[in-house]
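Welcome! Let's get to know this structure together, one question at a time.

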Amino acid sequence: MEDKHVVIVGAGFAGLELVKKLANRKGIKITLIDKTNYHLFQPLLYQVASSVLSPADIAIPIRSLTTSMKNVQVILGTVLEIHKEHRKINLEHTTINYDYLILAMGAKTSYFGNNGWEKYSIGLKNINDALKIRNKILLSFERAELESNPEKAKSWMRYAIIGGGPTGVEVAGSIAELSHNIIRKDFRFIDPALSEIFLIEAGPRLLPSFSEKSSEITKKRLEERGVKVLVNSKVINIDDEGVELQDQKIISKIKVWAAGVSGNSFGDKLNTELDRSGRVIVNKFCSLDSNPEIFVIGDMASFLDTSSNKTLPGVSPVAMQQGRYVADIILSEIKGNTRTKGFEYFDKGSMATIGRKDAVAEMGKLRLSGFLGWLGWLFIHLFYLVGFKNKFSILITWIWSYITFKAGARLIQDTSEE
């Protein structure tokens, strides 16, 4: 009997969990395709953006992860087309046939139809985004240091973060930490602690997926760190000068967009139903009704959780659990079984870091904040980080940064855009 060919597109949390569970299984050959050659630990991108970590700390080569997986072939490439009727996909230089196709291609930044804003702001979905933010932040202090006019110098140190979810909160807190503590004594003519950091949220509170108490704690702690939190503040426009709200305009040279994501654009090529965010609507088996051999998981998928009657969020625990679930389906079907039990998500809770030794964490009825929340956040992130070297390196970096108030990745790599 010929081996079943499982093709997985995307080496993020969902794809990697799937590969790990199917690795070295008899009767299965796996092709793992990704447009980059590394697995990225996205939850720590904001620490690259704020100069705490370097890209190598949160990324690990895919091939090094699959060295011992003898039935896994890794391909660096981008899927261009899909031919569902023939069960094949086209890449730039090759065509691949499949028995099972799993699309775990992630999400992209969404500007809710205002695509012109992309020119004036930066999202935070990949390493390039993080490095752009890091470069612009570090350059802003250098420009301020050279500015003889105090008001103009201050204008260089004004930052606008749009979106009060976990990403926005973490970016705002990390910029405050950088400017108020880490680099405060490094300049001679400016005081980085005079930086103005605006966190803008259209809704009534920060962290809308958390409890109201955690939202209130987060707002209070950010304001204590000098962040100006603006809730019920809808963005009307973003241009080169800054961010226009309904009642004011914030003049800022650096705008970070953390307000929304949409499904990978490849979903359009599936000729299937998408939700309002462009994510592929899947059935209870995480597959397409018309093509049960095609699964869509992770941030790219729109999965309705029947227990809560809500669409599951695009977070790593959902992606990882879906990856393991789909692997179980494939293994079961190879044995001749049929699908019966749909995917059920086990919510292990949510976390967001506010700053040094401060975070909020919710796990069922348990609510943690402050130092205990931060310890929980630290443990969970280290536990899920792939690769021993990365865990050890980040732990040492965090300990060093905690003791010395220093950031070790303050390199301006590319100033060509300036």
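Q: Which residues have the most contacts inside the largest nonpolar core?
A: This is a predicted model, where local features need pLDDT of at least 70, side-chain atom pairs count only at pLDDT 80 or more, and totals for chains, interfaces and linings use all residues. Residues are numbered from 1 along each chain as its sequence is written, and side-chain values use heavy atoms, leaving out hydrogens and water. A nonpolar core joins buried (under 20% relative accessible area, 1.4 Å probe, protein chains only) Ala, Val, Leu, Ile, Met, Phe, Trp, Tyr and Cys residues through side-chain atoms within 4.5 Å. The largest one has 115 residues, and those with the most contacts inside it are Ile89, Ile102 and Leu103.

Q: Which helix gives the most to this core?
A: Helices here are DSSP runs (H or I) of at least four residues, and strands (E) of at least two, numbered from the N terminus. With nine residues, the one that gives the most to this core is helix 8.

Q: In what order do the five strands of the open sheet lie?
A: Strands pair if DSSP finds at least two bridges between them. The pairing in this sheet is parallel, and its edge strands are strand 5 (72–76) and strand 20 (294–296). The order is 5-2-1-9-20.

Q: Over how many bridges do strand 1 and strand 2 pair?
A: One bridge partner of Lys4 to look for is Ile28 in strand 2. Strand 1 (residues 4–9) and strand 2 (residues 28–34) pair in the parallel sense, and the number of bridges is six.

Notes
Buried < 20%, exposed > 50% of the residue type's maximum accessible area, 1.4 Å probe, protein only.
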